[in-house]
Amino acid sequence: MAGLLAGLLGRFGKPSQELIVFAIAVACFIFFAVSLQGFASIGNIVAMLRSIAILGILSTGMAVVVIGRGLDLSQVSVMAISAAWTLTLMNGGMTLFPAMALGLLFALAIGVLNGWIIAFIEIPPLFATLATGLVCFGVGRWLLIDSVHAYPPKGADDFLFIGQGHLVGIPMPIIIFIVAAVFVHWMLSRTVVGRHIFGLGDNMLAARLMGVAVRPLIIFSYAFSAFIAFIAGLTMASSVASMNTEVINSTLVFDVLLVVVLGGISLSGGRGSIVSVVVGACLIGILLNGMTILNVNSDAQNIAKSVVLLAAIVIDRRLHPKDEETDKQGDH
Amino acid sequence: MKRNILKGLAVTVMAATVALAAGGAIAAGKISGKTERMVRSDFVDALNGKTVAFVPISLGLPLSDFWDAGIRDAATAIGMNYVVKDPAWNMNAMSQAISALISEKVDYLVVQNPDVQVFAKLFRKAEQNGTHVIQLNMASNYRSSGFVGVDWVSHGQEVGDDIVKQCAAKGGKVAIVQGELTAAANVWFNVGLMKAFKASGKINVVNDQAAQWDATKAHDITAAVLQQHPDLCATVGVWGIMMMGSGQAIKEAGKTGEVLVYGSGSNSRPVCDSLQTGILDKHYGYDSYLQGRDVVNAIQAMAQMKVEPGERPFALYTPIDVLAKETVAKDDCRDLMGKK
């Protein structure tokens with residue numbers, strides 16, 4: 001009995017970051033629900049989830065990489081170019097599935113390239129993915145797509161369904177986010193590959209000594225992130241019927257990192273779960289939606305977002321202090 | 001005899017008339033002291049081999065691709081050199097490109113400003129250095145040699161007046177989707193809109209967030225606003241391509257046709273497609289290929305009149321075509337032009 005009490009107290013004494021973020025999200029939700037008329041309506045909640053779906057989908061891929069103690073700054077670039085190329089191919093007369101297959105192959109190629117550079121040449125992921133992201137965008141703009149925006153051809157309704165359709169009354173982007181989250185959760189918690197990714201993030205050398213094929217695993221995690229980026233790209237392109245490749249100059253990739261880190265996936269790797277991504281995405285969604293309804297201008301929204309990110313990183317550092325084991329290149 | 005005298009008189013009068021007319025014609029041709037050949041050779045001297053450089057915010061958009069083609073076609077046709085730099089939406093790259101062109105002393109620099117402030121100093125330096133600066137469609141706070149583009153305030157007012165007409169009787173709730181808060185087009189367009197709204201007193205702006213020229217952001221903002229204001233009458237923004245995102249959100253809410261979507265910008269194929277599918281309701285557009293030609297026309301006049309950079313600032317305002325979803329035709333829009 002005493003042990004159980006101590007256990008509970010321990011749980012509450014040092015709550016996990018996930019729990020803190022969840023509590024903040026609930027508090028924000030209640031605050032907005034009370035102060036803003038219509039905030040808590042089903043319609044608004046659906047619109048809110050819909051607006052964070054793409055961010056959430058990208059975050060599931062980023063989560064896999066970050067748990068493996070990596071970072072994928074090329075994700076948004078891969079998303080934009082692979083989706084825009086798919087649209088360009090469709091405009092050239094190709095049917096949906098071959099065009100999607102080629103787009104996916106392109107995304108995977110960049111993902112594998114990322115993983116190979118990081119695993120075999122041992123370049124820190126920060127620099128490797130920053131560079132490949134620019135290469136991906138450059139090659140895309142130069143060789144693959146004609147303009148900054150790509151548009152689906154007229155009458156591509158099957159394509160538009162991905163982003164604009166509904167399944168049992170729920171918009172498709174939310175469905176895709178849920179499917180991605182459930183799949184990644186299952187992969188991370190129930191499969192050998194998933195457990196190995198945790199091992200890789202926690203202590204790469206120990207994982208290698210245990211017999212984990214560390215290098216192929218790194219390649220896998222980046223390829224997976226690129227795969228998720230492609231899915232997110234299709235969702236984004238079909239939901240507004242255009243792909244704006246300028247999105248690579250936006251803060252989207254940092255928003256993705258914000259969501260990942262916010263929920264408690266440590267940048268030191270080896271910690272966190274998809275639940276944290278969902279919780280983090282919900283908090284961001286609630287904040288952005290509430291501020292949009294309050295008509296706070298977007299610069300002020302960015303300030304609010306960055307303060308939240310900073311707070312999350314500080315809390316992350318407090319809860320998971322840096323030590324020699326989690327130290328990595330590029331930190332100093 | 002009498003007949004002969006009359007005949008002689010008539011011939012004399014006719015001859016005198018012809019002589020006077022001819023004399024008058026010669027006099028008219030020499031008012032400027034130049035024959036047509038001389039004017040033509042001045043034209044060639046003033047323009048042949050001169051360079052016009054164009055720096056848009058980014059190529060690859062319908063708007064800037066049309067400008068690129070318009071300036072290129074018109075400039076090369078009269079023997080000018082044409083250079084274009086594509087900063088791909090990167091402000092540092094854009095600033096570097098402009099600085100490089102200034103130090104190369106290009107003759108005419110055509111720039112689309114992302115912001116009212118950011119290049120104002122560079123333009124002053126350019127004009128002191130002997131380069132004419134023509135600001136295209138989006139001006140800065142610096143009055144340079146010339147401005148070619150939309151008269152944004154009256155443009156915004158025209159759109160605003162139409163919204164007042166459509167919405168005054170329907171509750172008057174309007175959402176503005178801004179582009180970039182500090183971009184000239186955005187600033188002045190909104191001034192015009194608000195002028196019209198305030199004059200009517202019947203419009204209530206329920207939201208005016210910036211989507212940073214991004215259709216996805218415009219979509220999310222509009223989706224949130226619609227939840228809060230299901231009786232919204234219209235949503236309006238300064239760029240049609242961005243407003244397509246807004247239109248998608250309205251379509252998802254099943255309110256296409258109920259909530260009006262107003263856009264503005266270059267009349268390009270995606271705009272006409274969106275009008276036809278009802279994603280946009282009205283588009284106040286212009287032909288940016290012809291704006292490119294306007295730029296070169298202005299350069300031709302400046303060169304021949306030998307004005308110094310910034311000596312006599314002028315503006316050439318672009319006429320606006322209003323396209324509505326009920327009346328839009330295929331020829332109203334230009335097809336996209338790829339890279340050259």
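**Figure 1. Helices and strands of chain B.** In this predicted model, chain B contains 11 helices and 12 strands. Its chain has 340 residues, and 52% of them count as buried. Take a moment to follow how the chain folds back on itself: among contacts in chain B with a separation of 6 or more, 74% join residues that are 24 or more positions apart.

**Figure 2. A close look at B:Val44.** Start by finding helix H2 of chain B, which covers residues 36-47 and includes B:Val44. Is B:Val44 buried or exposed? B:Val44 is exposed, because there are 12 other C-beta atoms within 10 Å, and a residue with 12 or fewer falls into that class. Now look for B:Gly79. Along the sequence, B:Val44 and B:Gly79 are 35 residues apart, while in space their C-alpha atoms are 8.3 Å apart.

**Figure 3. Where chain A touches chain B.** Here the view moves to the contact between the two chains, to which chain A brings 32 residues and chain B brings 32 residues. Which helices of chain A supply at least two residues each to the side that touches chain B? They are helix H3 (42-67), helix H11 (214-239), helix H13 (274-293) and helix H14 (298-319). With 5 residues, H3(A) gives the most to this side of chain A. Sorted by type, the residues on the side of chain A that touches chain B are 8 nonpolar, 18 polar and 6 charged.

**Figure 4. The two domains of chain B.** Chain B is divided into domain 1, made of 41-149 + 288-319, and domain 2, made of 152-286 + 322-332. Notice that each domain is listed as two stretches of the chain. How far apart do the C-alpha centres of the two domains lie? The distance between the centres of domain 1 and domain 2 of chain B is 30 Å.

**Figure 5. Where the domains of chain B meet.** In this last view, 15 residues from domain 1 of chain B and 10 residues from domain 2 of chain B take part in the contact. On the domain 1 side, helix H3 (62-77) and helix H11 (288-305) of chain B are the elements that give two or more residues. The most comes from H3(B), which gives 3 residues to the side of domain 1 that touches domain 2. As for residue types, that side of domain 1 of chain B has 8 nonpolar, 6 polar and 1 charged.

Terms used
Residues numbered from 1 in each chain as written. Chains lettered and ligands numbered in written order. Predicted model: local features only at pLDDT ≥ 70, side-chain atom pairs only at ≥ 80, totals over all residues. Helix = DSSP H or I, 4+ residues; strand = E, 2+ residues; numbered from the N terminus. Buried ≥ 20, exposed ≤ 12 C-beta atoms within 10 Å, placed from the backbone. Contact = placed C-beta atoms within 7 Å. Nonpolar A, V, L, I, M, F, W, Y, C, P; charged D, E, K, R; others polar. Domains from an automatic or database assignment.
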